[in-house]
Amino acid sequence: MEAMLLDRPGARLRLAEVPVPQPGPGQLLVEVAACGVCRTDLHVVDGDLTDAKRPIVPGHEVVGRVVETGAGVDRFERGQRVGIPWLGATCGQCRFCASGRENLCDFARFTGYQIDGGYAEYTLADARYCFPIQGAYDDAEAAPLLCAGLIGYRTLKMAGDARRLGIYGFGAAAHIVAQLAAWQGRQVFAFTRAGDAEAQDFARELGAVWAGSSAERPPQELDAALIFAPVGALIPAALEAVAKGGVVVAGGIHMSDIPSFPYRILWGERVVRSVANLTRADAAEFLALAPQVPVRCTVRRYPLADANEALDDLRAGRLRGAAVLLPGSGLAAAVQL
Ligand SMILES: [Zn+2]
Ligand SMILES: [Zn+2]
């Protein structure tokens, strides 16, 4: 099969012909139909996240169909459409797992980081961490739900019942969260790079009541702010925009350093917090909710071999919504299993 491999941090991904893996006990072999390109993939490629398996097949927004099940798998059957998210394995034993916080597991392993992911024609996954993908989504449109959607949803939950919600960085996660938040009756204020009129128009189309640059103050104080851009300077900017008692939630896995800021902008019981990974409960909740809204994903499709171009477009902010790779494209059928 074809796979895109990262040999070492900082390298371009390399298209390689590798054997189709065979499922072990508890695993699914999935023929990948679509794999979203997430900002976390950039952090893996750039080496901001250390400890990546080498070589690694990136990609943790995987939608595909089960072609084989390993021994003991009874939740899925051949042909079924499944999603494979970032959370690939947990220990089930540590104090975080034992208290409903498997997202914080000391021994968690992640898809496309420590476990080969979806930038390939086939991938293996532990069936316990996979989800059926239902609803009217085509494969490419479903892919961004698996991380931008799931972790975006967890980030939104941390905003509590905030009515006026700021969203900083209007990429894949924001474009999903904005739809959900508007559907919940919240007012969404979208903050983009200065001068990015296209992203601001996009935010308004998706239900934002206001869109502007992240250097601007919104017309009203916010009750909460979600930050999806990997820019530490947005933390004090968002703190200045939230009202007393408000929360600023950083939804990304990596961020540049946060500049020091005066205590007065935290005063008034404002809170700064991060969100790490996802639990399977988050996934089940969000995947049930998304078709009700319905959340619509705007995607740009790329052939698997163009993964580097997709990453470049994400890095440069050239995307509207999410980039999605489409492996297979006819070649998969020729592979002998
Ligand atoms: Zn654990
Ligand atoms: Zn992700």
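This short talk walks through one protein model, from its overall build to its zinc site, one helix and a few unusual backbone places.

Before I start, please keep in mind that this is a predicted model, in which local features need pLDDT of at least 70 and side-chain atom pairs count only at pLDDT 80 or more, while totals for chains, interfaces and linings use all residues. Residues are numbered from 1 along each chain as its sequence is written, chains are lettered from A and ligands numbered from 1 in the order in which they are written, and side-chain values use heavy atoms, with hydrogens and water left out.

Let me begin with the whole protein. Its secondary structure comes to eight helices and 17 strands, where helices (H or I, at least four residues) and strands (E, at least two) are DSSP runs numbered from the N terminus. The radius of gyration is 19 Å, close to the 20 Å that the globule rule gives for 337 residues, so the protein is as compact as a globular protein of that length; the radius is taken over C-alpha atoms, and the rule is 2.2 Å times the number of residues to the power 0.38. Along the principal axes, the C-alpha trace spans about 60 × 40 × 40 Å.

Of the 337 residues, 55% are buried, and here buried means under 20% relative accessible area, exposed over 50%, and partly exposed in between, with a 1.4 Å probe and protein chains only. If we take contacts (heavy atoms within 4.5 Å) between residues at least 6 apart in sequence, 71% of them join residues at least 24 apart.

Now to the metal. Which residues are the protein donors of the zinc ion, ligand 2? They are Cys38 through SG, His60 through NE2 and Cys147 through SG, lying 2.0 to 2.2 Å from the ion. Donors are N, O and S atoms within 2.8 Å of the metal (3.2 Å for Na, K and Ca), and since water is not among the atoms, sites may look incomplete. In sequence the donor residues are spaced C-x21-H-x86-C. Histidine 60, in the loop between α1 (39-46) and β4 (62-69), and cysteine 147, in the loop between α2 (139-142) and α3 (148-157), are 87 residues apart, and this pair links distant parts of the chain. Both histidine 60 and cysteine 147 are buried.

Next, please look at helix α8, residues 307-315, where Ala307, Asn308, Ala310, Leu311, Asp313 and Leu314 are buried. What covers these buried residues includes β1 (2-5), β3 (27-37), α1, β16 (299-303) and β17 (322-326). Is aspartate 313, which carries an acidic side chain in this helix, buried or exposed? Aspartate 313 is buried, with a relative accessible area of 13%, and, leaving aside neighbours within four places in sequence, it is in contact with Arg300, Tyr302, Arg318 and Leu319. After α8 comes glycine 317, whose phi is positive, near 75 degrees.

Finally, some backbone details. A cis peptide bond, with omega about -15 degrees, joins arginine 54 and proline 55, and proline 55 sits in the loop between α1 and β4. Aspartate 51 lies in the loop between α1 and β4 as well; its phi is near 70 degrees, a positive value in a residue other than glycine, and at 62% relative accessibility aspartate 51 counts as exposed. The peptide bond from valine 293 to proline 294 is also cis, with omega near -15 degrees.
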